[in-house]
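Let's take a walk through this one, starting from a single side chain and working outwards. Keep the model open beside you as you read.

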Amino acid sequence: MNDPTTDNQATDDQATVGELNFWSFIELANKRLATEHGFRDQLATEVLLTLNRASNVVTYDLESSIHRPRGWSWSSFRLLFVTWLAGPIEPKAAAELTGMSRAAVSNLSKSLLADGLIDRRPTENDGRSVQLYLTDKGREAMVEAFREQNEREHAWVGVLSEAEQRILVMLLDKLITNRSQFDVRGRN
């Protein structure tokens, strides 16, 4: 037989689903994770859901307002950005710096090469290996695109003081670099 308390709770939760926003969803999730499933560390869930949400919102905004109008994806921009500032660069190093796989870098390189934004040349010490570098057209495109992006970045973080921005970077760095306590999976 059904538990009337559970049925009432489900009905109450369903009635509010249409009214949920991100923060009220987090509150609902925390409540249900604790009461229905016995999970006790909702703050960790809240931190990572919020971090992921913030990253997705900012990335989507930058990609849709600046990069897509140029015919670029966010991944294309990341590869161009790394090649612009660290290049000439081997694809393996570009993959590490962008957080992408080598296959993704290889595939993106083909379309950016066809667009005339990057080129490849053999490395000086190993003719089998190549380096990616920006063409003149690619450099001009990156300077223009990054000028727009940097203005948008400034608008995004403008709600934080300089000290808050530095604290946020410090906290994110701590989160990312302090992961030796468990088996973290990732590209780098």
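Is Arg152 buried, partly exposed or exposed? With a relative accessible area of 34%, Arg152 is partly exposed. Keep in mind that what you have here is a predicted model.

Now look at the partner of Arg152. Its side chain meets that of Asp61 in a salt bridge, 2.6 Å from N to O. Asp61 belongs to helix α3 (residues 42–67) and Arg152 to helix α7 (residues 136–157), so this pair ties together parts of the chain that are 91 residues apart in sequence. The two ends of the bridge sit in different accessibility classes: Asp61 counts as buried because its relative accessibility is 15%, below the cut-off of 20%, whereas Arg152 is partly exposed.

How many salt bridges does a search of the whole structure find? The count is seven. One of them pairs Arg32 with Glu36, with 2.7 Å between the closest N and O atoms. Both residues are partly exposed, Arg32 at 32% relative accessibility and Glu36 with a relative accessible area of 37%. Another joins the side chains of Glu63 and Arg68, this time at 3.5 Å from N to O. Here the acid is the buried end, Glu63 having a relative accessible area of 16%, while Arg68 comes out as partly exposed at 40%. Then there's a little network to pick out, in which salt bridges link Arg70, Glu144 and Glu148. As a general point, side chains of opposite charge can pair when their charged atoms come close.

Back to α7, and on to another of its neighbours. Two packed helices are described by the angle between their axes and the distance between the axes. For α4 (residues 74–86) and α7, the axes come within 11 Å and cross at roughly 115°. That makes α4 roughly perpendicular to α7. As for handedness, the crossing of these two helices is left-handed.

Which residues do the touching? From α4 come Trp74, Phe77, Leu80, Phe81 and Trp84, and they meet Arg139, Met142, Val143, Phe146 and Gln149 of α7. Sorted by class, the contact of α4 with α7 has eight nonpolar residues, one polar and one charged.

Follow the chain out of α4 and you reach something to stop at. Most peptide bonds are trans. The one joining Gly87 and Pro88, though, is cis, with omega at about -5°. Pro88 is found in the loop between α4 and α5 (91–98).

Where is Gly99 placed? Look in the loop between α5 and α6 (102–114). Gly99 is partly exposed, its relative accessible area being 26%. Gly99 and Arg78 are 21 residues apart in sequence, yet 9.1 Å separates their C-alpha atoms in space.

Finally, zoom out to the whole chain. Its secondary structure comes to eight helices and two strands, and along the sequence the pattern reads α-α-α-α-α-α-β-β-α-α. Of the 188 residues, 22% count as buried; Asp61 and Glu63, which you met in the salt bridges, are buried residues. Among contacts between residues at least 6 apart in sequence, 48% join residues at least 24 apart. The bridge between Asp61 and Arg152 is a good place to end the tour, as it ties together parts 91 residues apart in sequence.

How values were computed
Residues numbered from 1 in each chain as written. Predicted model: local features only at pLDDT ≥ 70, side-chain atom pairs only at ≥ 80, totals over all residues. Heavy atoms only, no water. Salt bridge = Lys/Arg side-chain N within 4 Å of Asp/Glu carboxyl O. Buried < 20%, exposed > 50% of the residue type's maximum accessible area, 1.4 Å probe, protein only. Helix = DSSP H or I, 4+ residues; strand = E, 2+ residues; numbered from the N terminus. Axes fitted to C-alpha atoms, helices over the stretch in contact; angles between N-to-C directions. Parallel < 35°, antiparallel > 145°, perpendicular 65-115°, else oblique. Left-handed = near helix turned anticlockwise from the far one by under 90°. Contact = heavy atoms within 4.5 Å. Nonpolar A, V, L, I, M, F, W, Y, C, P; charged D, E, K, R; others polar.
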